[in-house]
Number of protein chains: 2
Amino acid sequence: MATIKDVAKVAGVSVATVSRVLNSNGYVNVDTKKRVDQAIEQLNYRPNDVARALFKGRSKMIALFVPDIMNPFFPELARAVEDITNKNDYTFVLCNTDDNLEKVLTYMDALQQKSVDGIIIVSSTITAESLKRINVPVIALDRIFSSELSTVTVDNYQGARKATEYLIGLGCQRIAHISGPINASNAKNRLQGYLDIVSDEDWFLPSYVASGSFNLQKAKDVATELLMNHPELDGIFAANDVMGIGAMKAAESLGIHVPNDLSVIAFDGITMGEMATPSLTTMEQPIYDMGARAAEMLIEQINDQKLSRKNEAFSVQLVERQSTKRKRDMNE
Amino acid sequence: MATIKDVAKVAGVSVATVSRVLNSNGYVNVDTKKRVDQAIEQLNYRPNDVARALFKGRSKMIALFVPDIMNPFFPELARAVEDITNKNDYTFVLCNTDDNLEKVLTYMDALQQKSVDGIIIVSSTITAESLKRINVPVIALDRIFSSELSTVTVDNYQGARKATEYLIGLGCQRIAHISGPINASNAKNRLQGYLDIVSDEDWFLPSYVASGSFNLQKAKDVATELLMNHPELDGIFAANDVMGIGAMKAAESLGIHVPNDLSVIAFDGITMGEMATPSLTTMEQPIYDMGARAAEMLIEQINDQKLSRKNEAFSVQLVERQSTKRKRDMNE
DNA sequence: ATGAAAGCGCTAACAG
DNA sequence: CTGTTAGCGCTTTCAT
C-alpha cells in the first residue's frame, strides 16, 4: 500500500502538495499537479480513509438500524439506503436491533467508536433518551419515536382510511382490523384511520380489532379467533402485508374463501403479497423512495448539522389484486 | 469524547499504562489498574477505534457481498453473518453487487481504504483476478468462483438428485428442469444432478431444460413455454424457490393444477415458499448456518492468515409441502 | 512496574 | 505556489 509520502517522493514534492491535489484545495501549479497525478497513477495510490477519519473525526460511514432484515419489508429499504449512501461515497453499515434496547445501545457505542457520520433508524422501542449516547445526525424512518428527529414516513392515517373505505365500497358490511404493535406509530395511525371510518357504524364492535404484532403467525392466530367468533365478518384490513397473508392463511384453514366470502386488504406493498395466492390487495408504500429520501436527508444533515428538523410523508396507493372482490349479494 | 490522555490524567498515570490496562497486555500494578479502571468508568471512556485501526492497519470490519439483498434468499444469510460478526466485535458492512464486476471493484477499493479485515462473497461473476485488488482473507459462500478460496456451500449435486428422484418416486413420468444461470456453480451442479438421473430415461428430451436465471419472472416465462410445448410434463424441478413459485404461477395461468396435474419441487427453503399457495415442496438449505459458518471461518482466517484453505458443504433436506403429490393414475 | 517518545497516514495552519 | 510541522488517538518499543 503506497502512502502519501511515497507519492510525494515520486512526484518530487511535499506531502502537503499531494494532499492539496488530492482534495483539490488550495493553490497548486498546473504542472506540479500533473506530476502528482502521474505519481498517483503510477503507484496506484489510494488515500487511507482511516487516517483521514482520525484527523477529521468522521468516517464516511452511515448506519441503518432495522428490527430484522429477515422481515421482508426491510430489504428494499436497506437497498435504497445503500444505493444513496454509495452514490455519495459513504460506506453502509447494517444493524439488526431485534427491537432490543440493549443491542441498540451496544451498536451506538460501537458506531461512535468508529466515528460513524450518521444513523437512520427504524424502530418503535428506542427511547429519545438513548440517542444522547451518540452525537451524530439521526433520521427516523417509517416510524416516529422522538419528536426531535427529522422523519420520513407515509401517510398511514389516510392510507388506513382509504383501505377501510375501499372495503366498504366493495360492499363489505362487517370489517375487522388486525393491528400492529400499538407502540409503533405507524401501527397506531393505521388503527386510528380504520376506527375513524367504522367506529360510528352500528355494526361496529371493539372486538373487531385484534393485535397481530406485524407478525405472520401471530396474525394467523388472531385472525382464526376473529373469524371463529365473528362468522359475520366479510372484510379484514390488516395493518401490514405479512399479517394480511396470515389472515388469508387463517381463512383458508377455516374453509372461508378469499375473496368470495371474505375480502382482505393490507398495507405495505411487499413482493410477497404478489406471490401469495390469491395475491394480496394492499395500500402500497413507495418503500425504496422512502429509504432513498431518508438517506438523502441524512447526508444533507451531515453536511450541514444545523439544518432544521424536517418531516416528510409519502402517500400510499391502493393496489387491487385478487384478495378483494365486490360483493354480489348486497341487499337489493 | 474523552481520550486516553484524559483517562491518564485523571488516573495520574501515563497513557502507556492506560493502554496496558485497556489491552490487558504487559505488567501493571493491581492498584494502578484499579485507579485506571475508575477513571475510565468516571469519564465513560471508550477507545477510539479509528486511531486503533490506523495503528494496526485493521479496522474490525467485515463485509458481505451479495448480488442483491432484495432477493429473498439473502436476508437470512446476511442476518447470520451479522450475528457472528457482532458476537466477535466486528462491524458488519453490506455490499450489493448486482453481479456487476465494476461495482465489485469499486467496493473493494473502498473497503481496502477503510482497512476492512475480511470479506465474504456470494457471486458467480467475480473473477479470481479481481481478488488481487485487495489483500485480505476472502471466503466464498454459496457459490464457488475461485479454486483458491475457502468455501461454504451445500451439496447441490446430491440435493438435485434427491429432488429429481423424489419426483420420480411420486410417479412423475416427464420431468423438466428450470435451471439457474450456468455460470453459477450451484446452478450448474443442480442441473447436473437432475441430468444424471433423467438423461438416460427414454422420455428425456434436452428441451426439458430451460434457464430461468434464478429469477421469478424469467422462470414464469420459460415455464409457460415449457408447459405449452410439452403438455405431457407432470413434474418440474426448479433450481431455486423463487423460480419454483414462478413455475407455479405459470401453471396457474395455463389452468394446470398444482399438484394434481403437475408436481413442483424447488431448492432453497426460503420463507416465501411456505407462504405461496400451494406451499412449495423444496430441498431446504440451512441458510442461516451457512452464513454463520462462513463468518466463523473468515474470522478464524483473519486471526491466523496462514490457515489452510477449507471447503465445507452442508447437506440439504427434503421438505414436503403442497406443491407435490403422488400420482394416482399410474399404469396399473 | 511505569513513562517517554516515535509513528500509523493524513490534513491544515503557518511560513516563506 | 509550495514546504514544514503539529497534531488526530492510540500502541509499542525502549529506557528506567
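Analyst: Two strands are said to pair if DSSP finds at least two bridges between them. The structure discussed here is a predicted model.

User: What makes β5(B) and β11 (residues 311-314) of chain B a pair?

Analyst: Four bridges join β5(B) to β11 of chain B, and at least two are required, so the strands pair. The two run parallel, and B:Thr151 has B:Asn311 in β11(B) as its bridge partner.

User: How do you know that strand β4 (residues 138-141) of chain B also pairs with β5(B)?

Analyst: Three bridges join them, again in parallel; the requirement is at least two, so this is a pair as well. B:Ile139 stands opposite B:Ser150 in β5(B).

User: Why is strand β5 (residues 150-154) of chain B called mostly covered?

Analyst: Five of its five residues are buried; a residue is called buried because 20 or more other C-beta atoms lie within 10 Å of its own. B:Ser150, B:Val152 and B:Val154 point one way, B:Thr151 and B:Thr153 the other way. In a regular strand the side chains alternate between the two faces of the sheet.

User: What makes a residue count as near DNA strand D, and which come nearest?

Analyst: Its C-beta atom must lie within 6 Å of the strand. There are 26 residues around DNA strand D, and A:Ala16, A:Asn29, B:Ile4, B:Asn48 and B:Ala51 come nearest. Elements giving two or more residues to this surface are α2 (15-22) and α4 of chain A, with α2 (15-22) and α4 (49-56) of chain B. By class, the surface has 15 nonpolar, ten polar and one charged residues.

Notes: Residues are numbered from 1 along each chain as its sequence is written. Chains are lettered from A and ligands numbered from 1 in the order in which they are written. This is a predicted model: local features need pLDDT of at least 70, side-chain atom pairs count only at pLDDT 80 or more; totals for chains, interfaces and linings use all residues. Ala, Val, Leu, Ile, Met, Phe, Trp, Tyr, Cys and Pro count as nonpolar, Asp, Glu, Lys and Arg as charged, and the others, Gly among them, as polar. A residue is buried if 20 or more other C-beta atoms lie within 10 Å of its own, exposed if 12 or fewer, and partly exposed in between; C-beta atoms are placed from the backbone.
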